[in-house]
Each structure stands twice: as structure tokens, then as C-alpha cells.
Amino acid sequence: MKASDVKKANVIEHEGTVYQVRDIERSSPTARGGNVTFRFTLYSIPGGRKFDLSLRADDDLKEVDLARRPANFSYMDGDAFVFMDNEDYTQYTLGPEVVGDNAGYIVEGLEGYYVQVIDDAPVGLQVPTSVMLTVVDTAPELKGASATKRTKPAKLNTGIEIQVPEYITNDEKVWVNTLTGEFAGRA
């Protein structure tokens, strides 16, 4: 496919690495006879490393077919995460390098996970935008300090640590925004 035909969210291959297109900037030349260039902001699959690429409009890119399969977390197999496809019950084993920073947002019984698959091989994991986790360790609330909006660290049941308001206590369920990694409210 030509660089001028690429759209946001397309999955392409460049120099042996698979990327998802997140942003496209088109720049038109001011001089006659100049080439239109496209500047792509790409993120590698798996891994999510950012890569900037500039191409002329008629440069070729190879499009890759990426399937998003709805799946549920089943169990841990050593340090790998096993997900089961919701539709055809295929099991996908995702290593820690594929899951990356999303490991702290994987909980049993939660809907909204998508395994990204290229040629029947799992290459990425998309997590829901918010997940409900349980606070397992946080400092007790300071009495009389409710007038100020202070936060304190809290360790959650998946091992991640976030800042929560002072009124949150141990064993309380909270929503966590997976995009920012921040407290999003009581559950």
C-alpha cells in the first residue's frame, strides 16, 4: 500500500518490525515540484515502543492483518499469562514481554481484554480502560484531615501501587484508569 493510503490504527510492517499507526502528519511542500511527505507516529507490536517514520506519498508500506480477539484471563503458567478466546475457546499464552506494563491490570473474571493476533500468533494485549482492583495495603486515614485533598500510596492485589485519596482503606475496591495508572474512583 502507498504511504498516502495509510490511515490511523492501520498495522504495517517496516524493516521487519510490526507497528500500529497512531498519528499521521501530512506536509505539503511550498515549492513547485516538491514531494508531499507523510510523518507517521508508530508504536511497535509487541512492546509499544514509539517510532517516527517519514515517507513520500508514493513510498510503499506492507500492511499486516492484525486481528483483535476478545478473551478472558484464565490462569498463570509460570510467568506467562494464559487467555481464552471468548468465541472459539482458543488459548493464547502471552509472555511477560508481550504483556509488558499491563500485567498489573490483569484480573480473573473481567471482561474487555483483547488479544492482538497476527498469523495465529498472539503479539499483544489490549486491556480495558479501567479495571476494579482491591487495596491490600495502605496507611490508615488521619482523623480530621478530610478538609484537604491529600493522597497516600496504596498497594493493590495485582502488585501495582497507586496514589489514592486518604479516605480509602484496606480491602476496599477501587477503579484504576489503565491509560494513566491513576485512581478513578471507589467501586
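Is Y89 buried or exposed? I put this to the predicted model before anything else.

**Entry 1. Y89 and its loop**

I find Y89 exposed, with a relative accessible area of 57%. The cut-off for this term is over 50%, so Y89 counts as exposed by definition. I located Y89 in the loop between β7 (80-85) and β8 (91-94). I then looked up its backbone: Y89 has a positive phi of about 60°, although it is not a glycine. The strands on either side of this loop, β7 and β8, run antiparallel and are joined by four bridges. One of the pairs I noted across them is F83 with Y92, the latter being the bridge partner in β8.

**Entry 2. The sheet that holds β7 and β8**

I followed these strands into their sheet. It is an open sheet of five strands in the order β8-β7-β6-β9-β10, and the pairing is antiparallel. I recorded β8 and β10 as the edge strands, each pairing on one side only. On average, neighbouring strands of this sheet are turned by 45° against each other, direction ignored.

Within β6 (residues 67-77) I looked up N72. Its relative accessibility is 24%, so N72 counts as partly exposed. I also took a distance from this residue: the C-alpha atoms of N72 and K152 are separated by 32 Å, and the two residues lie 80 apart along the chain.

**Entry 3. The annotated stretch**

I consulted the UniProt record, an unreviewed entry, which lists residues 68-123 as "domain: Translation elongation factor P/YeiP central". In the model, the chain over residues 68-123 is 52% strand and 7% helix. The C-alpha atoms at the two ends of this stretch are 10 Å apart.

**Entry 4. E15**

I looked up a residue in the loop between β1 (11-14) and β2, namely E15. Phi of E15 is near 50°, a positive value in a residue other than glycine. I find E15 exposed, at 71% relative accessibility.

**Entry 5. The sheet that holds β14**

Which strands stand at the edges of the sheet that contains β14? I first wrote down the order, β13-β12-β11-β14-β15, for an open sheet of five strands with antiparallel pairing. The edges are β13 (161-165) and β15; each has a single partner strand, so one side of each is left without a neighbour in the sheet. The twist averages 55° from one strand to the next.

I then examined β14 (residues 173-177), where the side chains alternate. V174 and V176 point to one face and are buried, while K173, W175 and N177 point to the other and are not.

I checked both partners of β14. Strand β11 (residues 130-138) runs antiparallel to β14, and five bridges join the two. K173 in β14 is the bridge partner of T134, and M132 stands opposite W175. With strand β15 (residues 182-186), β14 pairs in the antiparallel sense over four bridges. There the bridge partner of N177 is E182. The hairpin of β14 and β15 has four residues between the strands, and in this hairpin G181 takes a positive phi near 75°.

**Entry 6. The largest pocket**

How many residues line the largest pocket, and which lie nearest its centre? I count 28 in the lining, with R22, G48, N102, L125 and Q126 nearest the centre. About 730 Å³ of space lies in this pocket.

I looked up which elements contribute to the lining. At least two residues each come from β2 (17-27), β3 (37-44), α1 (96-99), β9 (113-118) and β10 (121-126). The largest share, four residues, is supplied by β10, which is also an edge strand of the sheet in Entry 2. By residue class, the lining divides into 12 nonpolar, 12 polar and four charged residues.

Notes: Residues are numbered from 1 along each chain as its sequence is written. This is a predicted model: local features need pLDDT of at least 70, side-chain atom pairs count only at pLDDT 80 or more; totals for chains, interfaces and linings use all residues. Side-chain values use heavy atoms; hydrogens and water are left out. On a 1 Å grid over the protein atoms alone, a cavity is a set of points where a 1.4 Å probe fits but cannot get out, and a pocket is an open set with protein on both sides within 12 Å along at least five of seven lines; lining residues have an atom within 4 Å of a point. Grid points are joined across faces, edges and corners, and a volume is the space filled by probe spheres set on the points. Ala, Val, Leu, Ile, Met, Phe, Trp, Tyr, Cys and Pro count as nonpolar, Asp, Glu, Lys and Arg as charged, and the others, Gly among them, as polar. Buried means under 20% relative accessible area, exposed over 50%, partly exposed in between (1.4 Å probe, protein chains only). Two strands pair if DSSP finds at least two bridges between them. Axes are lines fitted to C-alpha atoms, for helices over the stretch in contact, and angles run from 0 to 180 degrees between N-to-C directions. UniProt positions are given in the numbering used here, feature names are shortened, and annotations may be inferred rather than shown by experiment.
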